Amino acid sequence: MKLEATGIEGLVIKQKPLHHILNKAGFIRGGQWDYERVTYDYKIGSPEKNITYYVRIQGYAIEGEVDSGTGVFKMLAPLLGRHYYPHGVEYGEQEGFSQDLVDRANKLVTKAAEDIKKHQEAV
């Protein structure tokens with residue numbers, strides 16, 4: 001599900017401060033990047049068997065590349081997803097996310113957005 005009104009969508013930031021801010025907030029950039037896009041995930045465990053939730057923050061390069069460390073990224077709308085082992089992550093509204101989980105995800109992203117705004121680049 002797309003997380004609305006978190007303040008992060010559309011922000012522009014250089015790669016190094018973005019990486020530092022999101023790592024500090026508990027988001028991990030795994031292998032899910034290419035030359036133009038970057039993805040950070042925050043893992044939320046669940047008491048349900050083989051179910052894990054992820055808050056995903058993504059950006060795409062408007063300058064530079066991810067692998068060179070010189071990217072400047074425009075942030076996309078964050079997502080809340082449910083991982084079904086071994087099939088993957090589903091982001092649909094029909095996943096039945098609890099309001100507590102949605103509130104927690106919004107709070108995580110809103111806090112990250114506040115920190116990103118302090119390092120935002122002029123477009």
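Mentor: Before we start, a contact here means heavy atoms within 4.5 Å. Keep in mind, too, that this is a predicted model.

Trainee: Thanks! Which residues does Val55 touch, not counting residues up to four places away in sequence?

Mentor: Let's go through them by number. Early in the chain, Val55 touches Leu3 and Phe27, and then Tyr40, Asp41, Tyr42 and Ile44. Its other contacts, on the same count, are Leu79, Leu80, Ala105, Leu108 and Val109.

Trainee: Which residues touch the most other members of the largest nonpolar core?

Mentor: Good follow-up! In general, nonpolar side chains tend to be buried together in soluble globular proteins. The largest nonpolar core here has 31 residues, and those touching the most other members are Leu18, Val55 and Leu80.

Trainee: Which element gives the most to this core?

Mentor: Several elements take part: α1, β2, β3, β4 (72-75) and α2 each supply at least two residues. The one that gives the most, with eight residues, is α2.

Trainee: How far apart are the end C-alpha atoms of helix α2?

Mentor: We can begin with an expectation. Helix α2 runs over residues 99-117, and at 1.5 Å a residue its 19 residues should span 27 Å. The model agrees with this, as the end C-alpha atoms are apart by 26 Å.

Trainee: Are the buried residues of α2 on the same side or on opposite sides?

Mentor: Look first at which ones they are: Leu101, Val102, Ala105, Leu108, Val109, Ala112, Ala113, Asp115 and Ile116. They cover an arc of only 165° around the axis, so they lie on the same side of α2.

Trainee: And which residues are exposed on the other side of α2?

Mentor: The buried residues of α2 pack against β1 (12-14), α1 (15-24), β2 (37-45), β3 (51-63) and β5 (79-84). On the other side of α2, the exposed residues are Gln99, Asp100 and Lys107.

Trainee: Over how many bridges do β2 and β3 pair?

Mentor: These two strands form a hairpin with five residues between them, and Asn50 in the turn has a positive phi of about 60°. One bridge joins Asp41 to its partner Arg56 in β3. β2 and β3 pair in the antiparallel sense, and the number of bridges is nine.

Trainee: Which residue of β5 stands opposite Arg56?

Mentor: β3 also pairs with β5 in the antiparallel sense, over six bridges. In that pairing, the residue of β5 opposite Arg56 is Leu79.

Trainee: Last one: which residue in β4 is the bridge partner of Glu63?

Mentor: β3 and β4 pair in the antiparallel sense over four bridges. The partner of Glu63 in β4 is Val72.

Key: Residues numbered from 1 in each chain as written. Predicted model: local features only at pLDDT ≥ 70, side-chain atom pairs only at ≥ 80, totals over all residues. Heavy atoms only, no water. Expected span 1.5 Å × (residues − 1). Buried < 20%, exposed > 50% of the residue type's maximum accessible area, 1.4 Å probe, protein only. Arc of directions from axis to C-beta. Core = buried A, V, L, I, M, F, W, Y, C linked by side-chain atoms within 4.5 Å. Pairing = 2+ DSSP bridges.
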